[in-house]
Amino acid sequence: MLASQKKAAMSSTDFGSRTNSRRQGRMILIMQPPELNEIIQKAQQLRFTMNCDIETGQLLRTLASSKRAGTFLELGTGAGASITWILEGMDSQSRLVSVEMDDSIQSIARSIIKDERVEFVTEDGSIFIEQNKGKKFDLIFADTWPGKFYHLEEALEMVAEGGFYIIDDLNPVDSWSLGHGDKVQSLRMKMRGLHDFRIVELNWSTGLIVATRRTK
Ligand SMILES: C[S@@+](CC[C@H](N)C(=O)[O-])C[C@H]1O[C@@H](n2cnc3c(N)ncnc32)[C@H](O)[C@@H]1O
């Protein structure tokens with residue numbers, strides 16, 4: 001099945017609808033990236049609701065800040081919400097490549113995020129993975145189908161020693177399409193079976209797995 005057909009077969013609501021939220025009823029003051037509100041507003045105008053939430057954003061920012069002169073990859077730019085968090089964690093020498101197949105949504109990120117550390121690629125993620133197989137990244141946020149539900153092994157192969165592979169949207173929500181829960185469960189099982197990685201499953205935000213490639 002072609003990547004485009006796979007995308008069509010799975011509903012976009014399988015990613016969940018994510019908004020900034022309170023945590024367990026408590027108000028927590030979190031410094032947000034300055035561009036985030038504008039990105040969310042513009043995304044709303046296109047009815048795009050798949051922006052990562054504050055909790056995932058904080059996690060990405062924290063992990064990104066652990067790498068010196070790191071090379072980062074995001075699969076699924078969306079409107080750029082996650083990029084704003086990752087950039088806040090990155091040092092001045094680090095670089096991020098963000099891949100998205102939908103130019104209309106990625107153009108929001110392009111128009112608002114003016115940072116030379118980011119390279120935007122408008123491409124199907126599976127093509128990007130195929131064409132960049134030999135490359136290594138210190139952090140991969142796999143936030144779309146390729147690199148997560150398919151081309152998983154290839155994406156994991158691109159994680160450098162000590163690098164992070166991060167996926168979210170793993171906790172069930174009502175809007176998941178029929179059969180999506182089975183796909184997520186199968187993904188969890190694959191992740192649990194990895195020998196070259198240490199993984200942790202987090203009941204945080206939309207449900208995440210963080211995997212780190214073990215050093216030899
Ligand atoms: C969950 S959203 C990304 C959200 C963004 N990372 C964030 O947290 O703000 C997933 C994105 O993947 C894109 N997408 C879907 N299929 C794709 C594919 N095969 N290759 C690249 N991007 C794809 C969608 O257009 C959508 O913007």
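Two strands pair if DSSP finds at least two bridges between them. Keep that in mind for this tour of a predicted model.

**Stop 1: strands S2 and S3**

Select residues 95-100, which make up strand S2. Add residues 118-122, which are strand S3. S2 and S3 run parallel and are joined by 5 bridges. To see one facing pair, show Leu96 and Val118: Leu96 stands opposite Val118 in S3.

Now add residues 103-112. This is helix H5, and it lies across S2 and S3. H5 runs at about 165 degrees to S3.

**Stop 2: the whole sheet**

Pull back to the sheet. It is open and has 7 strands. Step across it in the order S3-S2-S1-S4-S5-S7-S6. The pairing is mixed. Which strands are at the edges? They are S3 and S6 (197-202), each of which pairs on one side only. Neighbouring strands are turned against each other by 15 degrees on average, with direction ignored.

Show side chains on any strand you like. In a regular strand they alternate between the two faces of the sheet.

**Stop 3: the S6-S7 hairpin**

Go to edge strand S6. Select residues 208-213 as well, for strand S7. Do S6 and S7 run parallel or antiparallel? They pair in the antiparallel sense, over 6 bridges. Phe197 stands opposite Arg213 in S7.

S6 and S7 form a hairpin, with 5 residues between them. Pick out Ser205 in the turn: its phi is positive, at about 60 degrees.

**Stop 4: helices H3 and H4**

Select residues 54-64 for helix H3, then 81-89 for helix H4. The axes of H3 and H4 come within 7 Å and cross at roughly 35 degrees. The crossing is right-handed.

Display the side chains where the two helices meet. H3 brings Gly57, Leu60, Arg61, Thr62, Leu63 and Ala64. H4 brings Ala81, Ser82, Trp85, Ile86, Glu88 and Gly89. By class, this contact has 6 nonpolar, 4 polar and 2 charged residues.

**Stop 5: around the ligand**

Finish at the ligand. How many residues surround it? There are 22, and the closest are Cys52, Gly76, Gly78, Gly125 and Thr144. Select those five by number, then widen the view to the rest of the shell.

Four elements give two or more residues to this shell: helix H1 (3-9), H4, S2 and helix H6 (125-131). You have already visited S2 and H4. Colour the shell by class to end the tour: 10 residues are nonpolar, 7 are polar and 5 are charged.

Technical notes. Residues numbered from 1 in each chain as written. Predicted model: local features only at pLDDT ≥ 70, side-chain atom pairs only at ≥ 80, totals over all residues. Axes fitted to C-alpha atoms, helices over the stretch in contact; angles between N-to-C directions. Contact = placed C-beta atoms within 7 Å. Near = placed C-beta within 6 Å. Nonpolar A, V, L, I, M, F, W, Y, C, P; charged D, E, K, R; others polar. Left-handed = near helix turned anticlockwise from the far one by under 90°.
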